[in-house]
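This briefing introduces one protein chain to a reader who is new to structural description. Please look over the sequence and the structure below before reading the points that follow.

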Amino acid sequence: MDDPLIIDALDRLDEDEKIAGKGEELVLGVLLGRLSEVMDGGVVEHLEEAIKRTPTPLLAHLQSVTVSGFRGVGPECELSLRPEPGLTLVVGRNGSGKSSFAEAAEYALTGSCRRWSGKSVEWKKGWRNLHSSDVSTIAVRLRIDGQKELSTVRVGWRNNSLDSGVSTITSPGCDDYTLESLGWATAVKVFRPFLSYDELTKIAEGRPIDRYNELAPMLGMDSLQTPLECLRQQRLAVEKQIKAANTQVAETVGILERHSADSSSGSMIGAALEALSGEWSLDRIEQLVIDTEIEAHDHERLLINLEQLSIPDFDQTLGIVDDLRGSSQKLQQLRRSDSEQARRLAALLQKAIEIHHDHGDSDCPVCGCTDGLHGDRIKELKAAVQQLNGEAADIEKARKDAQDALNAAKKLIGTPSRVLKLIAEVDVDSEIDIDLTEAREAWRIWHDTPLRYSNPLNELDVLSKLADHLESNCLQLMETTKKVRSDAMAARQLLANQWHMVVDRLEELLPVAREGLQAEQLIRPLKQAETWLKKCLLTMQDERFETIKKQVKEIWDTMAAGSNVTLEDVRLGLKKVMMDVTVDGYDSVALSVMSQGELNILALSLFIPRVKSSQSPFGFVMLDDPVQAMDPLRVDGLAKVLNDLAQVRQVIVLTHDDRLPESVRRLQIPATILLVTRRTGSQMNIEESLNPVQAAIADAMALQMSEGLPEEAQCRAVPNLCRHAIEAACLESGRRKLFKLGMSFAECEQLWEKSPRLLPRVAIALYGEADRGGDVYRTLHNKFGAWAVKTIKECNKFTHSGVLEGADLKDLIRRSESLAGKIAKL
């Protein structure tokens with residue numbers, strides 16, 4: 001936890017006694033990034049020792065922007081800048097290519113250009129300069145606090161697509177940087193230091209959220225917006241769960257009511273309807289599902305068994321009937337034939353042979369003849385049996401055929417106990433609506449055969465009776481069994497359509513309904529947590545916005561001096577900026593009463609606090625054509641605002657309007673003015689109009705040549721301007737030395753302000769140390785000669801006491817200009 005805003009919100013949560021319980025736990029959880037734990041019933045704690053601090057991002061100033069083959073720039077051209085607070089005006093007519101430098105810097109540092117956003121594809125296709133070679137490059141050199149050497153952001157393209165650009169950030173002796181490593185990944189979005197005229201117009205005339213997006217990010221409220229959005233999404237999800245549960249229950253109740261009247265599962269449906277009325281009894285529903293599944297399984301098993309009841313094949317039955325009758329008739333024909341007599345006699349003789357085998361020689365048991373059964377006689381009997389068996393073959397075959405027919409009939413009839421037991425299981429209490437009376441009787445008759453009472457091979461008429469039994473009962477059995485099977489199939493389908501449908505519906509309902517009940521417990525604390533955090537965010541936003549609001553009003557008052565439109569108040573709401581204005585003292589709607597120039601002033605008023613923020617790592621800002629539609633009085637106000645911004649930021653303004661440079665000169669605002677011209681083939685030329693040294697020398701020469709100025713004023717003002725020229729050169733050279741020593745800009749300024757005398761400031765330029773003023777004269781004498789020492793002494797002395805009689809002011813100006821030039825090059 002390293003976000004000051006989160007820490008502040010946690011402190012406010014601890015102090016607020018109006019929120020407690022689950023609502024407080026939810027706010028704590030979402031602020032700590034552990035909302036899911038709290039939603040699941042976990043407990044999180046606020047540990048103070050876990051707090052960390054985010055490092056301050058590195059502050060950067062622009063040293064130069066070098067461009068080739070990009071937009072309006074053809075051959076390579078460098079826009080050199082002073083990497084320090086101050087105002088630089090880049091002036092050139094429309095079409096001179098000056099804006100290309102701002103677009104190049106913006107693209108290199110942000111990966112995009114706001115001027116192109118929302119434009120057609122043709123805009124992006126024309127990014128490469130027509131007069132350049134195939135190579136297009138951008139190089140932005142940066143002076144970053146704490147680094148002795150410059151860092152460079154380079155962009156190159158792999159092909160003609162603008163999106164193929166590749167950016168690298170390098171610093172001599174260091175590994176490649178990224179925007180993340182510099183701490184700029186977020187800052188480049190929040191404190192974007194670029195403003196084109198298109199973006200200026202969008203802020204002024206766009207949607208309320210466009211103005212909100214210019215101001216809100218710098219407040220750093222995103223770290224609370226994200227948790228607030230998490231709570232909102234969680235609330236929506238919970239509301240969705242509740243709605244889904246209510247909808248599912250309502251639909252389920254409707255389905256149950258439609259099936260309650262005509263369903264075999266009416267008692268179960270009634271219990272389910274009762275469990276879903278009023279407060280839902282989901283445990284009861286779950287038990288109903290379990291019980292119903294068991295009951296339905298038993299019913300389904302019975303129905304499946306009934307569906308699978310075997311039915312005698314009619315053709316097969318007729319074949320067996322024919323075989324039985326044929327066997328009966330054949331046996332009847334052979335019963336009193338010679339074959340039958342031979343079979344019987346062979347059987348009798350075989351018995352005698354078996355007695356001899358068991359008891360040896362003996363009397364004949366039939367005729368009583370002494371020694372009737374002896375060895376020779378047994379041989380004769382065996383021969384006789386063999387002969388008789390041959391004569392009895394027809395009767396044996398007939399008996400075998402009869403036995404085969406009998407076995408087939410038994411198999412066709414089946415086992416009485418299995419079928420009758422199955423049908424008996426389906427009793428009247430089974431809740432299966434199938435009439436089995438006829439089927440039971442048919443199967444009882446089918447199994448009640450003559451076989452139960454006789455041996456068919458001993459009583460030949462039994463075979464004929466069995467054939468008659470099968471023939472007379474087969475069709476009735478088939479019809480009743482088919483009906484049972486059909487009824488069982490229909491009943492099982494009905495079970496699937498009603499019982500299973502109801503059970504499946506209740507099973508689907510249970511998890512959704514349980515989630516809905518859990519969600520019902522969370523919705524109130526979620527709404528409480530969301531409301532509290534939203535109120536906390538707005539309160540903190542208003543507190544942070546107070547400083548920015550003051551800046552917005554001050555900038556408006558400065559730039560809109562003389563306007564009958566007064567900006568009374570600026571407020572931030574949720575995703576919009578609200579502005580109260582009056583026209584000649586009467587309340588009015590802000591945008592509807594403002595001129596185009598006033599709209600541009602409003603946009604600048606909203607933009608400048610963003611780049612002026614102490615949290616921004618960008619020590620520079622680039623404004624492209626902010627002067628449009630402004631009258632002269634507004635231009636003067638703009639110059640004053642830019643001068644104020646230039647005290648803490650490096651301000652680069654690109655303009656085609658000569659009124660801004662004129663206003664800067666007239667108001668004596670320190671500024672570097674660069675003139676941009678474009679020659680044939682997109683060749684760019686950049687020249688400095690007047691730098692601070694040149695301006696001071698030029699003013700000194702103008703005063704010296706002025707005939708209407710009193711001599712006493714001339715004698716004091718000229719040396720003072722000469723001194724200003726030397727100090728300006730010392731400041732420029734001294735900053736370079738201090739930067740190389742690793743000083744930040746703020747530290748340089750502090751050292752400069754603490755050294756108001758001339759010699760310490762010259763020492764800063766010579767050595768980077770203000771306390772070496774005693775070495776200045778010797779070093780100047782050694783480097784440049786005695787004239788340099790003389791110049792410093794005279795500027796120092798004459799500034800306070802005036803020029804001595806007979807002194808040559810022209811010579812002093814000439815020597816001061818020369819010395820300032822040499823110091824500036826150190």
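In this predicted model, D569 and K549 form a salt bridge in which the closest N and O atoms are 3.3 Å apart. D569 belongs to strand β8 (residues 565-572) and K549 to helix α18, so the salt bridge ties together parts of the chain that are 20 residues apart in sequence. Both D569 and K549 are buried. The points below place this pair in the wider context of the chain.

**The chain as a whole**

- The chain contains 28 helices and 14 strands.
- Of its 826 residues, 47% are buried.
- The accessible surface of the chain is about 41,600 Å², and carbon and sulfur atoms account for 49% of that surface.
- Among contacts with a separation of 6 or more, 71% are between residues 24 or more positions apart.

**Salt bridges**

- Side chains of opposite charge can pair when their charged atoms come close.
- How many salt bridges does a search of the whole structure find? The search finds 31 salt bridges.
- One salt bridge joins D283 to R514, with 3.6 Å between the closest N and O atoms. This pair links distant parts of the chain, since D283 lies in helix α11 (residues 282-307) and R514 in helix α18, 231 residues apart.
- Is D283 buried or exposed? D283 counts as exposed because its relative accessibility is 56%, and the cut-off for exposed is over 50%.
- Its partner R514 is partly exposed, with a relative accessible area of 29%.
- Another salt bridge is formed by the side chains of D775 and R778, with an N to O distance of 3.4 Å. D775 is partly exposed, at a relative accessible area of 22%.
- A network of salt bridges links R82, E688, E732 and R736.

**Nonpolar cores**

- In soluble globular proteins, nonpolar side chains tend to be buried together.
- The largest nonpolar core in this chain consists of 81 residues, and L31, L87, L224 and L660 have the most contacts inside it. Helix α18 (residues 460-559) gives the most to this core, contributing 16 residues. At least three residues of the core come from each of domain 1 (4-53) and domain 2 (56-189 + 662-679).
- Which residues does L224 touch, when residues up to four places away in sequence are not counted? L224 touches L5, I6, A9, L31, L533, L537 and M540.
- A second, separate core has 43 residues, including A60, L142, I144 and V676.

**The surroundings of F620**

- F620 is located in strand β11 (residues 620-624).
- With a relative accessibility of 1%, F620 counts as buried, because the cut-off for buried is under 20%.
- Apart from neighbours within four places in sequence, the contacts of F620 include A60, L62, L109, L142, F194 and I652. H61, P193, R649 and Q650 are also among the residues in contact with F620.
- F620 and R649 are 29 residues apart in sequence, while their C-alpha atoms are 5.2 Å apart in space.

**Two residues with positive phi**

- Most residues other than glycine have a negative phi.
- R71 is not a glycine, yet its phi is positive, at about 50 degrees. R71 lies in the loop between β1 (60-68) and β2 (77-80). The relative accessible area of R71 is 19%; R71 is therefore buried, as the cut-off is under 20%.
- S682 is also a residue other than glycine with a positive phi, here near 60 degrees. S682 is found in the loop between β13 (672-679) and β14 (683-688). With a relative accessible area of 2%, S682 is buried.

**A nonpolar patch on the surface**

- F314, L318 and L475 form a nonpolar patch on the surface, and together they have about 230 Å² of accessible area.
- L318 is part of helix α12 (residues 314-334).
- Is L318 buried or partly exposed? L318 is partly exposed, because its relative accessible area is 31%, which falls between the cut-offs of 20% and 50%.

Key: Residues are numbered from 1 along each chain as its sequence is written. This is a predicted model: local features need pLDDT of at least 70, side-chain atom pairs count only at pLDDT 80 or more; totals for chains, interfaces and linings use all residues. Side-chain values use heavy atoms; hydrogens and water are left out. Patches are made of residues with over 30% relative accessible area and no salt bridge: like charges are joined within 9 Å, nonpolar side chains (Val, Leu, Ile, Met, Phe, Trp, Tyr) within 5 Å. Accessible areas come from the Shrake-Rupley method with a 1.4 Å probe; for residues, only the protein chains shown count as cover. A salt bridge is a side-chain nitrogen of Lys or Arg within 4 Å of a carboxyl oxygen of Asp or Glu. Helices (H or I, at least four residues) and strands (E, at least two) are DSSP runs, numbered from the N terminus. Buried means under 20% relative accessible area, exposed over 50%, partly exposed in between (1.4 Å probe, protein chains only). A nonpolar core is a set of buried Ala, Val, Leu, Ile, Met, Phe, Trp, Tyr and Cys residues joined through side-chain atoms within 4.5 Å. Domain bounds come from an automatic or database domain assignment. Contact means heavy atoms within 4.5 Å.
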